[in-house]
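Here is a short guided reading of a model with several chains. Please look at the chains first, then read on.

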Amino acid sequence: MTWLLQFFQSSIGKKILMAVTGLLLAFFLIAHLAGNLMLFGGPEMFNNYVLSLTNLKPLVRIAEALLTLIFLGHVFSGIRVTLENKKAKPQSYQVAPRSATSNFYSRTMAVSGSIVFIFLVFHLQTFWWSFQKMHGNDADFYEVVVHSPIGFNNPLVAVFYILALILLALHLRHGFQSAFQTFGLADSRYKGIVEKTAVLFWLIIPLGFISIPLYFGFIK
Amino acid sequence: MILNSKIPEGPVSQKWNNHKFSMKLVNPANKRKYDIIVVGSGLAGGSAAATLAELGYNVKAFSYHESPRRAHSIAAQGGINAAKNYPNDGDSIYRLFYDTVKGGDYRAREANVYRLAEVSNNIIDQCVAQGVPFAREYGGLLDNRSFGGAQVSRTFYARGQTGQQLLLGVYSALVRQMNTGKVQFFPRHDMLDIVKVDGKARGVVTRNLETGEITSHSAHAVILATGGYGNVFFLSTNAMASNVTASWRAHKQGACFANPCFTQIHPTCIPVSSDHQSKLTLMSESLRNDGRVWVPKKAGDDRNPNNIPDEERDYYLERLYPSFGNLVPRDVASRRAKEMCDKGHGVGPTKLAVYLDFADVIHRNGKDWVSEKYGNLFDMYRQITGENPYETPMKIYPAVHYTMGGLWVDYNLMSTVPGLHVLGEANFSDHGANRLGASALMQGLADGYFIIPYTIGDYLAQGGLKEVRTSDDTFQHAERLVKESLEKMLAIKGSKTVDDIHKELGKVMWEYVGMARNKEGLEKALELIPKLKDDFWKNVLIPGGINEYNPELEKASRLADFLELGELMARDALHREESCGGHFREEFQTEENEAKRNDEDFTYAAAWEYNGGDGNPLLHKEELKFDEVSLTTRSYK
Amino acid sequence: MRIIVQAWRQYDRNSEGNFESYPVDNVSEDMSFFEMLDMLNNQLLKDGKDPISFDHDCREGICGTCGIMINGRAHGPLKGVTTCQLHMRSFKDGDTLVIEPWRARAFPVIRDLVVDRSGFDRVMEAGGYVSVSTGGVPDANVIPILKDDADSAFDAAACIGCGACVAACKNSSAMLFVGAKVSQYALLPQGQVERKSRVKNMVGQMDVEGFGNCTNTSACEVECPKEISVENIARLNREFVKASF
């Protein structure tokens, strides 16, 4: 096992860890979004969906635990890489027209990631935690998400969600393709397909998420 | 002093083989008892250091660069010759040998040249095995191209960066030995003297260029592979730091300097644009494969070249030399360009340039084809001049490029100081009075990979080398002298910068000891150079001190040697009353303005012995015997 | 034209540095950037000041010795060009040029704009070679190599080791440098025998030297004077994973 440990201690190993955990989290977003979109189906559909998940509690708990592990792996590895990288460049340039050489979303992964992290704490603390406290077949999850003071009807909450999701989009804008570069699958053969798939993750999925606070906060 | 070239007996094709067998060997277990110092990390020095370490010797390698990979070999563009005859066009070892002797205008040592041609094939094999990415054909085999002075395609190349790829190959072999600890590499170390014990070279004195620390190092033998001295002209295609110091200090310790006046002027360089010019840039000679050289027929014609119709252009190389055309050897092409400009046909703002035109080949094969072959050179040209060579012809003019002269060595590459070996451009070498294109890389690698590893063993096996330490008086004394000389320079605190004086020297050298020389001019140079030397020792301004990073001090110490060398070059050029190869004396030319050799009196290598530096070096002659190649007037018509 | 040079001045590895500003007059556009600095230095010398130290040698873009950050751009504003090939026609009268050394923990400053890049050599020592000794190698044409592979290997081998990739990278990562060398050998039959050990050793040494971790911003590719592609970094990642598992 020491070889595996060594692998993940190396600069490339750390990148691989970031890429794998990042991609898994990105794939989780698909499942999450599918559930969220049920909000558009009205209270009954959404409540039934959440209830059906509650009935699978042991499985959900396992999934949650795994997700937490993956997430923490991503965060810790990210923090570590960022700190090391700061150390590797002890002094920055007096003049630094960085946009001339790279995209801002690729340079700001730590910032976008950190803000998404803060958002996530808020998100879990409100929706997830509220859901945990609710039991029984008459629990109205829809009400919590849409109409409660922490729900999307509150324009502040809606705006906060939208902003956070834009940052997530930026994070994925770089992250998704970057992961494939890290896996070494970025030469001309794969570039096209990776770029196209990336659009799903950095544009379509975040737009799907954004549609919800946008609709319930401002349109409905 | 008697020069003994130690050329082995036997027919020329058997000399090296016989010699390899008759040389003494150092037993593998004993090799680790020997230390060898290698100064310079280019193709010759780097390959020697790596190979000697592979054999088991302890190597200490020195370079004034921060890394071996910076050596100026890296800048060679065109290619490397070898007698592989892959294209099946009639090449052979003998033909490569013949072409090189002829190209050198019969002033090279036959036996050395033959050996060079003989090992040329091994070099290609070695480089390919190291992973050097030579150009290949679609079938996967190596591609060749033709070069000046040859009618066969024998030049292996890696786009326009052959020197770079070969040097990186050498560098890879060297770092491999650094990793095993067999080579100890000293970066940013300038060699400032050699140390002799009992008349034999046993060490060097170096200055650490970062800290200024002066130390000495001992060994059983010393190898100099420190390149050429073209920068004596200030403007040349050499790198800024290329210098003669290592060779010159060795010369002052008894190593004869041979044929210093044999300087190669490369015909295809980007012309000088202003007084601020710091160096000249070469456009590979390979361009002459497809470019056509011309000037307007009418003197002073300053129309846009694209508006000058074909019949008003003088493709003078094709006109004068129908069989070689644009591919005549470098000395011929250079001299003809100068002649055209002297007659008023020069082009461009300074009128010191001729056109190198690619319109025909672009028309014939398309822009993509040209760009695939020469893209990087075209980009470089555009970068420097701001003109697009795909649309307007390039302007080129000759510039100092290579020095055939150097420290005299015998067949074993040992100088007149026992134990001091000299490789690559630094020795007076195998190129005679003119070097053919793509032969410098060949010679550097031949010396380092395949010759010195044998011959140095023979020297070491002869024994008689007592133990020495750098704490010995001889070493300490040498260190002190180096320090005193630098202190003396620093103390002057005059009003002229090193570059000011170097530019003045350059002008004198180019004017009087340049492409065409005559008695009057050379005598003038011999008058002016000592004055400049005086000026230097009275007026030079060097900031800072010894014990710090001080680039101006480095430059000053090198210039001091160039000033002495310049004088020797003029003296050598004056004494050689003939024209041959890169040495063109205006008094000695045929009616068709070709070089006129004087084989009767000058079929020798002129080896100069230092004699106190008061303008009286002693001349020793190594008579050159031509058993294989008969001396004829070179003709490329 | 008149140019204001604002240069980083630092006496040695251990001292603090600072910026100093120098006006340079009569700059012609045919001058190279270094010729402009030469002129400034000649003036500084005559004024009894210390000239600005910078590394340079071949001045034709191949030796890799030079490298200056000019207004935040490695080797200046042009693409595919080393500092020594940059000419003053790229700037205009009155421009201020802020010139700084490569910044990276792995490249300590020696003096002014001169940095110590020996870390690159140590990475190469760890495996940047094919272990063949002189002599005893097969004929050069024994192993045919696909032209495309030879060309790709060459593209990677064109690296001049100037360190612009490290300088331009916000993380001072050396992945492009290492990726280029690993790629060259991975693409050639001669490099196959040591393929695995090479990549592991070189990456190991790269990490020891204190270069940062790559975050795929691709700034290195943009600033590389030889335009070496980040595909070489992808290949390095692949090679490293293959060698590790």
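The paragraphs below take up the model, then chain B, then its contacts with other chains.

Residues are numbered from 1 along each chain as its sequence is written, and chains are lettered from A and ligands numbered from 1 in the order in which they are written. This is a predicted model, in which local features need pLDDT of at least 70 and side-chain atom pairs count only at pLDDT 80 or more, while totals for chains, interfaces and linings use all residues.

Chain B holds 17 helices and 20 strands (DSSP runs numbered from the N terminus: helices are H or I with at least four residues, strands are E with at least two). Its C-alpha trace spans about 75 × 60 × 50 Å along the principal axes. The radius of gyration of chain B is 24 Å, which agrees with the value near 26 Å for a compact globule of 637 residues (taken over C-alpha atoms; the rule is 2.2 Å times the number of residues to the power 0.38). In chain B, 62% of the 637 residues count as buried, meaning that 20 or more other C-beta atoms, placed from the backbone, lie within 10 Å of the residue's own.

Between chains B and C, 63 residues of chain B are in contact with 63 residues of chain C (C-beta atoms, placed from the backbone, within 7 Å). On the side of chain B that touches chain C, α6(B) gives the most, with 9 residues. No contact joins chain A and chain B, and their closest C-alpha atoms lie 21 Å apart.

Technical notes. Two residues are in contact if their C-beta atoms, placed from the backbone, lie within 7 Å. A residue is buried if 20 or more other C-beta atoms lie within 10 Å of its own, exposed if 12 or fewer, and partly exposed in between; C-beta atoms are placed from the backbone.
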